[in-house]
Amino acid sequence: MPAPPCPGRLMVITGPSGVGKGTLVARLLQRHPRPWLSVSATTRSPRAGEIDGQHYFFLTRTDFEQRISTEGFLEWAAFAGNLYGTPRGPVEEQLAQGRPVLLEIELEGARQVRRTFPEAFQLLIKPPSFGELERRIRGRGTDGEEAIQKRLARARVELEAEAEFDAVLVNADLEAAVAELARLVGVDAAGPPAP
Ligand code: ADP
Ligand code: 5GP
């Protein structure tokens, strides 16, 4: 499938579950409203505090598969027993308006985007160590043991794919990592500190 005209910039942010992708992107967007973050669809159940349409569009598997069949996703993948996908229409609209678009997606989805949008910038977020990644996943307190084990197994695969990415960002000190992300997205990191 050819890439559509793309005056905006597409940026893929990948990294193991628990590395801090959501935290980094949320802090960036608090300070810089211009980049637009795609809201994914998923068949996973909402975690406590997650709002439908804001954190994810929570779909049944039947509805998700229906959207696959109508090519409603820019990319989609299975992860830790659930399906995740990027709704195509809103991303194309935002790119057409010239906004930087951020996709926070796992490795298989990043690979699909690399084929359909070869001009997209692909960033891998890494933890300072595997032990610290495990501490963060457990510290978040949102996943059961089975889900944690699936995410840690997948994390090793994702970290081994480092060479596929245009840039790598180690999320050690949070503020330094937000500043580096802002630089890579092309917005200035200056702004009021996050509450
Ligand atoms: P992801 O979106 O990659 O799954 P989260 O953003 O949910 O990860 O972060 C996982 C946990 O790690 C959260 O509890 C978050 O507060 C914590 N965290 C994120 N970045 C850092 C950091 N630089 N140092 C310490 N803890 C962090
Ligand atoms: P979580 O269940 O922790 O919210 O997300 C699990 C993994 O799915 C994370 O690596 C996250 O980046 C990824 N993910 C979220 N949305 C999408 C999506 O639309 N497509 C793909 N391929 N992965 C996604």
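**Two ligand sites in a predicted model**

Ligand 2 fills space that belongs to the largest pocket. The model described here is predicted. Ligand 1 also sits in the largest pocket. The two sites are taken in turn below, beginning with ligand 2.

The shell around ligand 2 holds 17 residues. Of these, S40, R44, Y56, Y84 and R151 come nearest. By residue type, the shell divides into seven charged, five polar and five nonpolar members. Two strands contribute to this shell. Strand β5 spans residues 73-79 and strand β6 spans residues 82-87. Each of them supplies at least two residues of the shell.

Polar contacts to ligand 2 involve both side chains and backbone. In the side chain of R44, an N or O atom lies 2.6 Å from an oxygen atom of the ligand. R44 is also listed among the nearest residues. E106 approaches a nitrogen atom of ligand 2, with a polar side-chain atom at 2.7 Å. The backbone is represented by T86, whose N or O atom is 3.3 Å from an oxygen atom of ligand 2. On its own, ligand 2 has 510 Å² of accessible area, and the protein covers 96% of it.

Ligand 1 has 14 residues around it. Those that come nearest are G18, G22, T23, R140 and N171. Six residues of this shell are polar, four are charged and four are nonpolar. Here helices contribute. Helix α1 covers residues 21-31, and helix α5 covers residues 130-140. Both supply at least two residues of the shell. The largest share comes from α1, with three residues.

The polar contacts of ligand 1 again draw on backbone and side chain. Within α1, a polar backbone atom of K21 is 2.8 Å from an oxygen atom of the ligand. G22 makes a backbone contact too, with a polar atom 2.8 Å from an oxygen atom of ligand 1. The side chain of R140, a residue of α5, places an N or O atom 2.7 Å from an oxygen atom of ligand 1. Both G22 and R140 are listed among the nearest residues. Taken alone, ligand 1 exposes 570 Å², of which the protein buries 73%.

How values were computed
Residues are numbered from 1 along each chain as its sequence is written. Chains are lettered from A and ligands numbered from 1 in the order in which they are written. This is a predicted model: local features need pLDDT of at least 70, side-chain atom pairs count only at pLDDT 80 or more; totals for chains, interfaces and linings use all residues. Side-chain values use heavy atoms; hydrogens and water are left out. A residue is near a molecule or strand if one of its heavy atoms lies within 4 Å of it. A polar contact is a pair of N or O atoms within 3.5 Å; within protein, one must be able to donate a hydrogen and the other to accept it, and residues adjacent in sequence count only if both atoms are side-chain atoms. Accessible areas come from the Shrake-Rupley method with a 1.4 Å probe; for residues, only the protein chains shown count as cover. On a 1 Å grid over the protein atoms alone, a cavity is a set of points where a 1.4 Å probe fits but cannot get out, and a pocket is an open set with protein on both sides within 12 Å along at least five of seven lines; lining residues have an atom within 4 Å of a point. A molecule sits in a cavity or pocket if more than half of its atoms lie within 2 Å of its grid points. Helices (H or I, at least four residues) and strands (E, at least two) are DSSP runs, numbered from the N terminus. Ala, Val, Leu, Ile, Met, Phe, Trp, Tyr, Cys and Pro count as nonpolar, Asp, Glu, Lys and Arg as charged, and the others, Gly among them, as polar.
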